[in-house]
Amino acid sequence: MEILNSPWPNPALSSLDVPVPALNLVSTSGEFAMEPGSIQRMYICGITPYDATHLGHAATYLTFDLINRYQRLAGGEMKFVENITDIDEPLLERAARDSTDWQSLAQRETDLFAADMTALRIFAPEWFVPATQTMDLVALAITRMHENGYVYKVDNDLYFRVSGFLDELPYPLEECLAIFAERGGDPERIGKEHPLDPVLWIANRNDEPGWESVHGFGRPGWHIECAVISLRYLVGEDFRARVTERATLIDLQGGGRDLIFPHHYMSAVQVKAITGQEFARGYVHTGFIGLDGEKMSKSKGNLVFVSKLLEAGIDPVVIRFALLTDHYSQDRMWSDERLRVATEEVVRIRAALSRNEVAPTTQVVATIVEALGRNLDTPAALQALTDWVEATESGVTGGSSGEIARALDSALGLAF
Ligand code: ZN
């Protein structure tokens with residue numbers, strides 16, 4: 001896999017005729033704002049390419065796409081980087097299960113992901129970086145952390161010393177230990193200084209893939225990948241010196257809520273161990289998507305894939321609309337009923353937009369933008385749209401369907 005610059009085509013964005021206020025977001029570390037006209041740096045944790053793209057992924061990338069669109073509409077610049085975890089335990093396990101080569105599996109699933117993102121009109125990252133292309137950076141970062149006193153060995157594996165950062169844990173220690181064990185950690189391993197210490201470099205075992213490095217032949221742990229990719233591609237950090245006068249190195253790290261711990265915590269403290277500086281101003285997390293009342297998960301085998309919906313002839317605008325009907329931070333349920341309702345809504349909106357006379361639009365556009373500015377309140381934005389559709393249906397006139405169609409496309413990515 002290669003490092004890709006703008007991996008899929010970006011949708012068009014037309015500017016709005018209404019003011020775009022600052023974007024206020026709720027982060028796990030409190031509220032923060034993106035000022036209009038400013039440069040923002042956003043790092044989004046990408047897929048492990050063996051099972052792309054289910055609706056949970058789609059909802060997550062859609063959320064950060066709204067932030068990206070909003071900041072651009074506010075006259076600002078969004079530097080956006082995303083990784084691909086193309087070497088990890090689950091990918092190797094799936095490749096072994098399916099008797100396929102792990103690299104072809106990763107390439108196939110990444111291509112599928114790019115096609116799904118294109119169909120869903122999601123802006124591409126400026127840099128889309130596979131973990132396997134970052135081995136030199138990982139080695140250098142580990143060396144730097146070692147110099148700073150954060151690295152120790154267990155057998156031939158290298159571990160990160162987390163003890164200096166325990167007061168920053170997002171949940172009580174006991175809870176963190178339980179989650180760590182569930183999500184790829186090894187709290188029980190003999191020889192570790194603290195059960196929460198994550199592995200940085202895994203010495204090669206059996207026939208697993210590995211890379212030569214100054215730390216031996218092996219492969220990186222999970223969290224270090226996002227630490228180094230964000231530093232290299234968003235900050236230009238070479239792991240040798242302080243590089244910025246900004247209070248934090250980047251503005252936003254984002255992903256699904258299951259990444260709060262250990263992944264986002266570990267990548268942030270590792271960045272601090274490398275640079276001595278705070279990582280992100282905000283950490284924004286999306287809720288889960290369930291199916292018919294149950295949590296959607298690989299283990300339950302009830303994942304709904306975007307590509308399957310598209311194959312079944314579902315209009316991507318319907319998928320996008322259905323995912324926007326609830327707030328991104330809420331856990332949401334997917335169902336055939338939800339898809340049916342969204343399909344009907346989209347038909348109704350299209351009918352309203354195609355009328356010669358429509359209800360006034362400038363205020364509706366302003367209301368939609370203001371709603372998005374309040375921590376991406378998409379239910380309020382869609383309510384304003386529904387009110388406009390009803391007013392149009394009842395014969396109110398004075399607006400421009402072109403104005404609202406352009407705003408829906410630009411701000412919400414809904415191309416009706
Ligand atoms: Zn990550």
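Trainee: Leaving aside its neighbours within four places in sequence, which residues is L412 in contact with?
Mentor: In this predicted model, L412 is in contact with L66, R320, L324, I368, L372, L382 and A407.

Trainee: And which residues have the most contacts inside the largest nonpolar core?
Mentor: L412 is one of them, together with L55, I67, L323, W334, L385 and W388. That core has 80 residues.

Trainee: Which element gives the largest share of this core?
Mentor: Helix α1 does, with 10 residues. The core also draws on both domains, taking at least three residues from domain 1 (4-295) and at least three from domain 2 (314-412).

Trainee: How many residues are in the second core?
Mentor: The second core is separate and has 57 residues, including V138, F160, W201 and L259. As background, nonpolar side chains in soluble globular proteins tend to be buried together.

Trainee: You listed W334 earlier. What does W334 in β15 stand opposite?
Mentor: Its counterpart is L291. Strand β13 (residues 289-291) is joined to β15 by 3 bridges, and the two strands run parallel.

Trainee: What is the strand order in that open sheet?
Mentor: The order is β14-β13-β15, with mixed pairing among the 3 strands. At the edges are β14 (294-295) and β15 (332-334), each of which pairs on one side only.

Trainee: Changing topic to the metal: what coordinates the zinc ion?
Mentor: The zinc ion is coordinated by the SG atoms of C45 and C226 and by NE2 of H263, at 2.0 to 2.1 Å. Along the chain, these donors follow the spacing C-x180-C-x36-H.

Trainee: Where do C45 and C226 lie?
Mentor: C45 lies in the loop between β4 (39-44) and α1 (55-73), whereas C226 belongs to helix α6 (residues 222-235), so the pair ties together parts that are 181 residues apart in sequence.

Trainee: Are those two cysteines buried or exposed?
Mentor: Both C45 and C226 are buried. For C45, the relative accessible area is 5%, which is why it counts as buried.

Trainee: How many disulfides does the structure hold?
Mentor: The structure holds 0 disulfides.

Trainee: Why is there no bond from C176 to the closest cysteine sulfur?
Mentor: The closest cysteine sulfur to that of C176 is in C45, and the two do not bond because 17 Å is too far. C176 itself counts as buried, at 0% relative accessibility.

Definitions and conventions:
Residues are numbered from 1 along each chain as its sequence is written. This is a predicted model: local features need pLDDT of at least 70, side-chain atom pairs count only at pLDDT 80 or more; totals for chains, interfaces and linings use all residues. Side-chain values use heavy atoms; hydrogens and water are left out. Donors are N, O and S atoms within 2.8 Å of the metal (3.2 Å for Na, K and Ca); water is not among the atoms, so sites may look incomplete. Helices (H or I, at least four residues) and strands (E, at least two) are DSSP runs, numbered from the N terminus. Buried means under 20% relative accessible area, exposed over 50%, partly exposed in between (1.4 Å probe, protein chains only). Two strands pair if DSSP finds at least two bridges between them. A nonpolar core is a set of buried Ala, Val, Leu, Ile, Met, Phe, Trp, Tyr and Cys residues joined through side-chain atoms within 4.5 Å. Domain bounds come from an automatic or database domain assignment. Contact means heavy atoms within 4.5 Å. A disulfide is a pair of cysteine sulfur atoms within 2.5 Å.
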